[in-house]
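Subject: Structure handover

Hello,

Here is the structure we talked about. Please open it first, then read my notes below.

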Amino acid sequence: MSNPLPPWTPGPKHWKITTAIAVGAVVIAAASAGASIYTATKDQKDPTVRAIIDPPDWANLPASKMPTSQKSACNDEQNVFKGGWGPERPLFDAKASTSYATLNSVQNNPNIGDERGFYGIRESGTDGSWKRQITLERGKEYVIRAYINNTSDSKVAEGVRVMVSLPTCTGRSIASSGILTSGNAFPLRVWGDIGMTSPEPFNLAYVDDSARLYGNYTGKKGRFIDPAFLTSQGVLVGSEDLDGNVGSGYKNALYFTFLVRPQFAEND
């Protein structure tokens, strides 16, 4: 028989998705209550748990339900999680801008394409395209990326946080979600998810100290990001400092990356 799967590393840094979504919705709702409301967002409803769980279908783009528990984030069958994003929001041309702060709402970004697909994965050390679904292999590490862009003419997106659900369950398909929140952007929260698959059961380990934030003000080595991004609190990011302020335009756009390692049972 095969040996059991290796122990988790580092177990406590992964978040329970059910708790994270419930707590995150409460925290974000509380933050939005005190935020400045622009004319463009005056009719925006407070976020709810359902708003996270059930993103709308897109006409020409894949959509999937954000997993709400360890069980629903893993499946023993392959190719279950296709990768998707949400919520529905106004979309803009690459050269357009808005009078209010909004995150990842450009359809034809010259750097990454459709910004709704801001959460992607590829094999570490390669320069291939970012994928929403990938087959993982033994002995390899993978880099996961979240892109952050504020499509505004002048408004700063304030209180911007990144949080990631990286399930600790085991399966042949595992889903991970990246969430961006802000106290004054419209919408207050956007998310994307990816699907990872393998013909044999695996689980995922975050590679310690691998999280970095890159932008025009960070330098080539980027800024180290605390692993609290794997909790329901998330971490503050920013264009010039880790203060939650993301300026408008591509010059202030950010790339957040971290490494994961698939863990398989040892071969006989």
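Start with the largest nonpolar core of this predicted model. The core has 43 residues. Ile148, Phe229, Phe256 and Phe258 touch the most other members. Six strands, namely β3, β5, β6 (161–165), β7 (171–181), β8 and β12, each supply at least two residues of this core. The largest share comes from β8, with six residues. As background, nonpolar side chains tend to be buried together in soluble globular proteins.

Now look at Phe256. Which residues is Phe256 in contact with, leaving aside its neighbours within four places in sequence? They include Ile144, Ala146, Val162, Val164, Leu213, Ile225 and Phe229. Arg145 and Arg212 are also among them.

Next, the rings. The structure holds eight aromatic pairs. One of them is Phe229 with Phe258. The ring centres are 5.0 Å apart, and the planes meet at 50°, so the pair counts as tilted, between the cut-offs of 30 and 60 degrees. This pair links distant parts of the chain. Phe229 sits in the loop between β10 (223–224) and β11 (235–236), while Phe258 is in strand β12, 29 residues apart. Are these two residues buried or exposed? Both Phe229 and Phe258 are buried. They also belong to one aromatic cluster, together with Tyr206 and Phe256.

Strand β3 (residues 119–123) deserves a look too. Four of its five residues are buried, so the rest of the structure largely encloses this strand. β3 pairs with β5 in the antiparallel sense, over five bridges. Within that pairing, find Ile121 and look across: Ile144 of β5 stands opposite. Remember one general point about strands: in a regular one, side chains alternate between the two faces of the sheet.

Then come the charges. Side chains of opposite charge can pair when their charged atoms come close. How many salt bridges does a search of the whole structure find? The search finds five.

Here are three of the bridges to check on screen.

- Glu200 and Arg138: the closest N and O atoms are 3.0 Å apart. Glu200 lies in strand β8 (residues 189–206), and Arg138 lies in the loop between β4 (133–135) and β5 (142–148), so this bridge ties together parts that are 62 residues apart in sequence. Glu200 is partly exposed at 29% relative accessibility. Arg138 is partly exposed as well, at 33%.
- Arg261 and Glu141: the N to O distance is 2.7 Å. Arg261 belongs to strand β12 (residues 254–264) and Glu141 to the loop between β4 and β5, so the pair ties together parts 120 residues apart in sequence. Arg261 is partly exposed, with a relative accessible area of 33%. Glu141 is partly exposed too, at 26%.
- Glu137 and Lys140: these side chains meet at 3.2 Å, N to O. Glu137 is partly exposed at 40% relative accessibility, and Lys140 is partly exposed at 25%.

Some bridges share partners. Such sharing joins Glu123, Glu137 and Lys140 into one network.

Now some backbone details. A cis peptide bond joins Gly86 and Pro87, with omega about -5°. Pro87 is in the loop between β2 (85–86) and β3. Another cis peptide bond joins Phe186 and Pro187, and there omega is about -5°. Pro187 is in the loop between β7 and β8.

Two residues other than glycine have a positive phi to check. Asn104 has phi near 50°. Asn104 is found in the loop between β2 and β3. Asn104 counts as buried, because its relative accessibility is 0%. Asp209 has phi of about 60°. Its place is the loop between β8 and β9 (212–214). Asp209 counts as partly exposed, because its relative accessibility is 49%.

Last, the overall numbers. The protein has three helices and 12 strands. Of its 268 residues, 50% are buried. The exposed area is about 12,200 Å², and carbon and sulfur atoms supply 50% of that area. Take the contacts between residues at least 6 apart in sequence: 70% of these join residues at least 24 apart.

Best wishes

Note on methods: Residues numbered from 1 in each chain as written. Predicted model: local features only at pLDDT ≥ 70, side-chain atom pairs only at ≥ 80, totals over all residues. Heavy atoms only, no water. Salt bridge = Lys/Arg side-chain N within 4 Å of Asp/Glu carboxyl O. Buried < 20%, exposed > 50% of the residue type's maximum accessible area, 1.4 Å probe, protein only. Contact = heavy atoms within 4.5 Å. Areas by Shrake-Rupley, 256 points an atom, 1.4 Å probe, with all protein chains shown as cover. Pairing = 2+ DSSP bridges. Phe/Tyr/Trp six-rings, centres within 6.5 Å; stacked < 30°, edge-to-face > 60°. Core = buried A, V, L, I, M, F, W, Y, C linked by side-chain atoms within 4.5 Å.
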